[in-house]
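Work through these exercises with the structure open. Try each task before reading its solution.

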Amino acid sequence: MKKYTPSFLISEFKRFVDTFGMIPTIEEFSSANTFPSAGAYLLLFGSWEAAISIAGYDPESINRDNEHLRNELKRFVSLVGHVPTIKELNAMPDFPNAKLYISRFGSIKNALGE
């Protein structure tokens with residue numbers, strides 16, 4: 001495993017939040033291949049919740065509610081009039097990133113129950 005500094009890991013965590021628009025669960029963070037491993041955070045900070053806190057976020061604000069994600073996607077569909085493509089969804093920073101829907105539901109259409 002690579003050796004990371006605390007400041008680098010925190011900056012990468014914040015980059016994830018900026019990229020995907022949400023505070024990730026450890027599973028969601030692990031599924032994003034362009035970030036350090038979640039294990040590096042556990043080794044350096046002791047727990048996932050500690051890493052979230054040290055990064056300046058509230059561990060209680062991790063969005064684990066699939067219904068919320070589905071409602072946000074339905075709201076997007078009502079705005080654009082169709083099921084969004086990955087590119088369309090990712091271009092809208094006020095909505096969860098497409099990768100989150102794919103990691104949670106397998107696809108954007110699955111998240112809508114289609």
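## Exercise 1: The packing of H7

The buried residues of H7 are covered by, among others, H2, H5, helix H6 (86-90) and helix H8 (108-112). The model is a predicted one.

**Task.** Find which residues of H7 are buried, and work out which side of the helix they take.

**Solution.**
- Step 1. List the buried residues: Ala-98, Leu-100, Tyr-101 and Phe-105.
- Step 2. Look around the axis. These residues cover an arc of only 160°, which puts them on the same side of H7.
- Step 3. Recall the geometry. An α-helix has 3.6 residues a turn, so residues three or four places apart point the same way.
- Step 4. Check what follows the helix. Gly-106 comes after H7 and has a positive phi, near 95°.

## Exercise 2: The same analysis for H3

**Task.** State which residues of helix H3 (residues 38-45) are buried, and name helices that cover them.

**Solution.**
- Step 1. Ala-38, Ala-40, Tyr-41 and Phe-45 are the buried residues of H3.
- Step 2. Viewed down the axis of H3, they fall within an arc of 155°, so they line one face of the helix.
- Step 3. The cover over these residues includes helix H1 (6-20), helix H2 (26-31) and helix H4 (48-54).
- Step 4. Just after H3 comes Gly-46, with a positive phi of about 95°.

## Exercise 3: Aromatic pairs

**Task.** Count the aromatic pairs. Then describe the pair formed by Phe-16 and Phe-29.

**Solution.**
- Step 1. With ring centres within 6.5 Å as the cut-off, the count is 15 aromatic pairs.
- Step 2. Take Phe-16 with Phe-29. Their centres are 5.2 Å apart and their planes stand at 40°, which makes the pair tilted.
- Step 3. Place the two rings. Phe-16 lies in helix H1 and Phe-29 in helix H2, so the pair ties together parts that are 13 residues apart in sequence.
- Step 4. Check burial. Phe-16 and Phe-29 are both buried.
- Step 5. Widen the view. Ring pairs join Phe-13, Phe-16, Phe-20, Phe-29, Phe-35, Tyr-41, Phe-45, Trp-48 and Tyr-57 into a cluster.

## Exercise 4: The cavity

**Task.** How many cavities of 30 Å³ or more does the whole structure hold, and which helix gives the most to the lining of the largest cavity?

**Solution.**
- Step 1. The search finds one cavity of 30 Å³ or more.
- Step 2. The largest cavity has a volume of about 60 Å³.
- Step 3. Its lining is made up of Phe-16, Phe-20, Met-22, Glu-28, Ser-31, Ala-32, Lys-99, Leu-100 and Ser-103.
- Step 4. Sort the lining by type: five nonpolar, two polar and two charged residues.
- Step 5. Assign the lining to helices. H1, H2 and helix H7 (98-105) each supply at least two residues. H7 gives the most, with three.

## Exercise 5: Two charged residues

**Task.** Is Lys-99 buried, partly exposed or exposed? Ask likewise of Glu-72, and list the contacts of both.

**Solution.**
- Step 1. Lys-99 is found in helix H7. Its relative accessible area is 32%, so Lys-99 is partly exposed.
- Step 2. Leaving out residues up to four places away in sequence, Lys-99 touches Phe-20, Ser-31, Ala-32, Asn-33 and Asn-90.
- Step 3. Glu-72 sits in helix H5 (residues 66-80). Its relative accessible area is 15%, so Glu-72 is buried.
- Step 4. Beyond its neighbours within four places in sequence, Glu-72 is in contact with Asp-94, Phe-95, Pro-96 and Tyr-101.

Notes
Residues are numbered from 1 along each chain as its sequence is written. This is a predicted model: local features need pLDDT of at least 70, side-chain atom pairs count only at pLDDT 80 or more; totals for chains, interfaces and linings use all residues. Side-chain values use heavy atoms; hydrogens and water are left out. Buried means under 20% relative accessible area, exposed over 50%, partly exposed in between (1.4 Å probe, protein chains only). Helices (H or I, at least four residues) and strands (E, at least two) are DSSP runs, numbered from the N terminus. The arc is that of the directions from the helix axis to the C-beta atoms. Contact means heavy atoms within 4.5 Å. Rings of Phe, Tyr and Trp (its six-membered ring) pair if their centres lie within 6.5 Å; planes under 30 degrees apart count as stacked, over 60 as edge-to-face and the rest as tilted. On a 1 Å grid over the protein atoms alone, a cavity is a set of points where a 1.4 Å probe fits but cannot get out, and a pocket is an open set with protein on both sides within 12 Å along at least five of seven lines; lining residues have an atom within 4 Å of a point. Grid points are joined across faces, edges and corners, and a volume is the space filled by probe spheres set on the points. Ala, Val, Leu, Ile, Met, Phe, Trp, Tyr, Cys and Pro count as nonpolar, Asp, Glu, Lys and Arg as charged, and the others, Gly among them, as polar.
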